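Hi there,

Here is the structure I promised to pass on. Please have a look at it first, and then read on for my notes.

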Number of protein chains: 2
Amino acid sequence: MRSYRQYCALARGLDVVGDRWTLLLVRELLEGPRRYRDLLDGLPGIATNLLAERLRGLEASGVVVRRDDGRYALTPWGQGLREVLYTFARWAAPLMAVPLGDDAFRPHWLHNLVGALFDDVDPERANLTVELRCEDEPSTIIAAAGRVRITHGSVPDPDVVLAGPPNGVIGLLAGRIDEAFATDLGVTIIGDARQLTHLRPRPLPETGGPPPRPTGTRSLG
Amino acid sequence: MRSYRQYCALARGLDVVGDRWTLLLVRELLEGPRRYRDLLDGLPGIATNLLAERLRGLEASGVVVRRDDGRYALTPWGQGLREVLYTFARWAAPLMAVPLGDDAFRPHWLHNLVGALFDDVDPERANLTVELRCEDEPSTIIAAAGRVRITHGSVPDPDVVLAGPPNGVIGLLAGRIDEAFATDLGVTIIGDARQLTHLRPRPLPETGGPPPRPTGTRSLG
DNA sequence: CTGCATCCGGGCCGATACTG
DNA sequence: CAGTATCGGCCCGGATGCAG
């Protein structure tokens with residue numbers, strides 16, 4: 001990318017990660033070291049040359065390293081983008097109220113959203129395990145000691161299971177829709193969904209979100 | 001911008017503010033409503049058509065409103081980007097260790113950096129006023145009740161005055177360089193610079209920053 | 001099959017000229 | 001002052017090729 005040539009932290013930061021696809025590539029690497037092929041799968045729509053180019057640029061900037069096993073990984077500095085992306089995801093969360101439409105979706109993207117919504121220590125948070133199932137790929141949220149983690153796969157006896165379209169699952173987790181509406185959206189709920197309130201997601205900025213789209217798209221909440 | 005078409009908060013957020021110049025435009029509007037001409041001055045290098053186009057786009061997205069007096073302002077949702085940009089600026093702060101070179105600089109950009117470094121409530125923070133002078137344009141940091149604000153202009157009796165090149169002033173504020181080095185860089189210090197430690201800036205991620213540039217550019221600390 | 005490099009058409013960007 | 005118009009160039013997107 002052409003540099004902004006401004007002596008400003010934001011401008012210089014954007015010189016590093018402001019290129020198209022770059023922050024989404026970081027999003028993928030936040031889940032751990034990944035191969036080129038995995039990154040392609042997690043970035044539907046990117047051209048192969050662009051992925052290679054972005055990886056080289058981030059490597060030159062010190063955000064990414066290529067490890068001996070061929071995987072790409074974030075450097076410690078690159079890991080620092082987690083907080084940035086989580087903060088940004090919370091700001092952008094209202095945009096998720098517009099349903100998927102033709103947009104691509106990958107179940108592991110839920111991990112970032114769960115991270116953004118629950119990335120804090122809350123002593124009043126209840127211990128709870130919640131299994132999420134979108135597109136038949138299970139993930140499990142484990143709340144313990146005030147913290148929330150999410151892992152791939154299932155655990156034996158989850159307190160709640162949410163299965164169905166991602167907008168419904170997300171709406172329930174964020175506390176933006178109720179059980180009935182989620183069921184309308186096609187979400188299957190096993191267990192007591194009211195326990196989800198004890199996960200206590202970070203409040204999204206009360207100062208609303210974007211104005212409703214002019215088209216007849218139906219919002220979530 | 002072409003949409004990423006991904007059902008992901010980050011991707012949808014980038015659809016709104018991922019275009020080139022967009023976040024820097026938001027940076028300018030974080031200081032308050034601004035006229036078209038002010039924005040041009042604060043965004044050296046932007047083309048006039050791009051500024052107009054970005055403003056229209058952000059207006060359509062609900063991030064910016066054009067007020068009756070012709071000024072552009074952030075909506076409440078747009079104001080929510082402050083936390084995002086501050087978090088990002090802290091991540092990118094190590095990049096400021098590389099001196100200005102030919103980069104453009106505007107004194108009011110310091111306000112964002114001060115905001116990013118001190119945007120918290122710290123009960124152990126001392127009350128203090130610090131005047132900053134870069135390019136003969138004074139700003140004043142006022143720490144009181146554990147909070148830090150920065151305003152344009154001077155106040156009668158600041159505890160400390162820092163005047164000189166922005167990299168030196170910033171290095172002192174962030175606690176990354178000492179008085180002697182700052183003086184070397186051309187900073188004039190009036191008052192007791194040791195009081196600056198009582199401002200207690202947010203710690204930057206200890207996990208370093210980018211690797212040193214291969215060229216012989218001299219770092220700040 | 002993975003991990004790219006190359007090629008090419010189109011759109012976004014950058015710079016300047018111009019208008020109310 | 002507040003933009004619009006225009007045009008060249010570069011980045012992006014999509015397809016293909018190819019080496020290991």
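Below is what turned up around DNA strand C and among the cysteines.

One thing to keep in mind is that this is a predicted model.

Let me start with the DNA. DNA strand C is surrounded by 19 residues, and the closest of them are Arg37(A), Thr48(A), Tyr72(A), Arg20(B) and Arg54(B). Of the strand's atoms that come within 4 Å of the protein, 64% belong to sugar and phosphate. Sorted by class, the surface near DNA strand C consists of eight charged, six nonpolar and five polar residues.

A few individual contacts are worth opening in your viewer. Arg2(A) places a polar side-chain atom 3.0 Å from a phosphate oxygen of DNA strand C, and Arg56(A) likewise has a polar side-chain atom 3.0 Å from a phosphate oxygen of the strand. Thr48(A) reaches a base instead: an N or O atom of its side chain is 2.6 Å from a base nitrogen of DNA strand C. The elements that contribute two or more residues to this surface are helix H3 (36-42) and helix H4 (48-61) of chain A, along with helix H4 (48-61) of chain B.

Now for the cysteines. Searching the whole structure gives zero disulfides over all chains. Why is Cys134(A) without a bond? The closest cysteine sulfur, in Cys8(B), is 13 Å from its own sulfur, which is too far. Cys134(A) is also buried, at 1% relative accessibility. In chain B, Cys134(B) is in no disulfide, and the nearest cysteine sulfur, that of Cys8(A), is 13 Å away. Cys134(B) counts as buried too, with 1% relative accessibility.

Best wishes

Notes
Residues numbered from 1 in each chain as written. Chains lettered and ligands numbered in written order. Predicted model: local features only at pLDDT ≥ 70, side-chain atom pairs only at ≥ 80, totals over all residues. Heavy atoms only, no water. Near = heavy atom within 4 Å. Polar contact = N/O pair within 3.5 Å; in protein donor to acceptor, adjacent residues only side chain to side chain. Helix = DSSP H or I, 4+ residues; strand = E, 2+ residues; numbered from the N terminus. Nonpolar A, V, L, I, M, F, W, Y, C, P; charged D, E, K, R; others polar. Disulfide = S-S within 2.5 Å. Buried < 20%, exposed > 50% of the residue type's maximum accessible area, 1.4 Å probe, protein only.
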